[in-house]
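Trainee: I would like to learn how to read a protein–DNA model. Could you walk me through one?

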2 protein chains.
Amino acid sequence: MRMGRPREFDAETALDQAMEVFWRHGYEGATIAQLTEAMGINPPSLYACFGNKEGLLKAALERYTKLRNVWMNEVVAAPTAREVAERMLMGIADKQTDPANPPGCLLVQGGIACGTGSENVPFELAAHRARNEDQLRDRFIRAKAEGDLKEGADPAALARYVSAVSVGMGVMASSGANREALRQVASVAVQAVEAQSTDRS
Amino acid sequence: MRMGRPREFDAETALDQAMEVFWRHGYEGATIAQLTEAMGINPPSLYACFGNKEGLLKAALERYTKLRNVWMNEVVAAPTAREVAERMLMGIADKQTDPANPPGCLLVQGGIACGTGSENVPFELAAHRARNEDQLRDRFIRAKAEGDLKEGADPAALARYVSAVSVGMGVMASSGANREALRQVASVAVQAVEAQSTDRS
DNA sequence: CCACATCTGTAGTGAACACTACATATCTGG
DNA sequence: CCAGATATGTAGTGTTCACTACAGATGTGG
């Protein structure tokens, strides 16, 4: 098989730059011109490698999720449901206000509502958020089996709750909330999980 | 003063239609063509009445907040902090899945991230959300003064928390969560407020 | 060194966008 | 009934957008 001219840029490095642009401006707000400039390539290279704008977003989302999963594994490794929630929400407060990244979360900033032709982008993001929620739910199911959560506790509802708080914090972060404000929210939110936990004195 | 030809459409009715379009498609996703069609007018009438697209959004936001305030007053009229949170979050679960409106909340769907030229739209929405948060905070301050909240409770943090959960629920609603799922989130969320309340047997 | 395959940069393409010029229509004050 | 003022409908304006045609560059297999 003939090989042809090799690619002159690194796809993962370029994806990191694209990710940042989508994160800061959203899917529709990000233009191909901004993306190509950040990635250091020209439009034909982008289209040859990722198909189109939506393909680039999907690739960026996969990379985002992959990087995030490393951290999520640490979160669900916490010994109790309460500590899982605490690590998750406190960590999110820090991550969403980390000056190294745009504020908030790509899975929210990417796009909540989109115009004609991009209607499925919000659902694409929702599917990625759902993966996180599933991971939490599985962890809470285990917590209940271990007697760490009360008999009446609903692991799926708890996971959905933690996920909802994360998203809300992301929106607040992107509109200027500082780290301390988000930590306060996280601190209150954890108490709901605590209320579903068994007492172990 | 000379009067000129009178307007042939009702501004508030037209605003209701525009509100729905922004709610469903977001600020950037909504086009002038969609807006004028929904409003039943032509572009020159829109621009004469509201200045430009952003002016129309601001007018729609004001109307949204005005309609919503009627309900918010009922919410903060609840006798305890816990019941305020419950009315608020359960009511939001119902409102955000009301088939009479687009799913979610205009103050979230309107736009979380926007492109060049609309950077201040997300902050405009955040300012409206902050008004709600202030109303909750004032109510929780009163609750603390009445001994309804514990000594260590932080009314501002509680208000921010309830606001964050509302926003998170709005995002979930817009990506397909049903009423039952949102009610479960609300139900868990209320327990954090309950944990900050004094026991009154 | 040649045939072919793939990448890259230049320079566009048509479409969709927010917005408006202008002629006409409809009102009020005198 | 007339003059001035404002609203409306038609039909655009220039700009920006995602995307691509094409020619030249750079690799591999024979």
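Mentor: We will go through the ground rules, the interface of the chains, one residue and then the DNA strands.

Mentor: This is a predicted model, where local features need pLDDT of at least 70, side-chain atom pairs count only at pLDDT 80 or more, and totals for chains, interfaces and linings use all residues. Residues are numbered from 1 along each chain as its sequence is written, chains are lettered from A and ligands numbered from 1 in the order in which they are written, and side-chain values use heavy atoms, leaving out hydrogens and water.

Trainee: How many residues of chain B are in contact with chain A, and what area is buried between the two chains?

Mentor: The size of an interface is often given as the accessible area lost when the parts come together. Buried area here is the accessible area (1.4 Å probe) that two parts lose on being put together, summed over both. Between chain B and chain A that area is about 3,000 Å², and carbon and sulfur atoms give 64% of it. In chain B, the residues that lose the most area to chain A are B:Ile112, B:Arg160 and B:Val188, together 18% of what that side buries. As for contact (heavy atoms within 4.5 Å), 39 residues of chain B touch 39 residues of chain A.

Trainee: How many salt bridges does the rule find across the interface of chain B and chain A?

Mentor: A salt bridge is a side-chain nitrogen of Lys or Arg within 4 Å of a carboxyl oxygen of Asp or Glu. The rule finds zero between chain B and chain A. Polar contacts are pairs of N or O atoms within 3.5 Å; within protein, one must be able to donate a hydrogen and the other to accept it, and residues adjacent in sequence count only if both atoms are side-chain atoms. Seven residue pairs between chain B and chain A are in polar contact, both residues at pLDDT 80 or more.

Trainee: Which element gives the largest share of the side of chain B that touches chain A?

Mentor: Helices (H or I, at least four residues) are DSSP runs, numbered from the N terminus. The largest share, 12 residues, comes from H8(B).

Trainee: Is A:Gln109 buried or exposed?

Mentor: Buried means under 20% relative accessible area, exposed over 50%, partly exposed in between (1.4 Å probe, protein chains only). A:Gln109 has a relative accessible area of 5%, so it is buried. This residue is found in helix H6 (residues 106-109) of chain A, and its side chain makes a polar contact of 3.0 Å with that of A:Ser174. Beyond four places in sequence, the contacts of A:Gln109 include A:Phe22, A:Trp23, B:Ile112 and B:Ala113.

Trainee: Which residues are closest to DNA strand D?

Mentor: A residue is near a strand if one of its heavy atoms lies within 4 Å of it. DNA strand D is surrounded by 25 residues, the closest being A:Ile32, A:Lys53, B:Arg5, B:Glu8 and B:Asn42. A phosphate oxygen of strand D lies 2.8 Å from a backbone N or O atom of A:Ile32, and another pairing puts a phosphate oxygen 2.6 Å from a polar backbone atom of B:Glu8. For B:Arg5, a polar backbone atom is 3.2 Å from a base oxygen of strand D.

Trainee: What about DNA strand C?

Mentor: Around DNA strand C there are 25 residues, with A:Arg5, A:Glu8, A:Asn42, B:Ile32 and B:Lys53 the closest. Sugar and phosphate make up 74% of the atoms of strand C that come within 4 Å of the protein. A base oxygen of strand C is 3.1 Å from a polar side-chain atom of A:Arg5, while a backbone N or O atom of B:Ile32 lies 2.8 Å from a phosphate oxygen.

How values were computed
Helix = DSSP H or I, 4+ residues; strand = E, 2+ residues; numbered from the N terminus.
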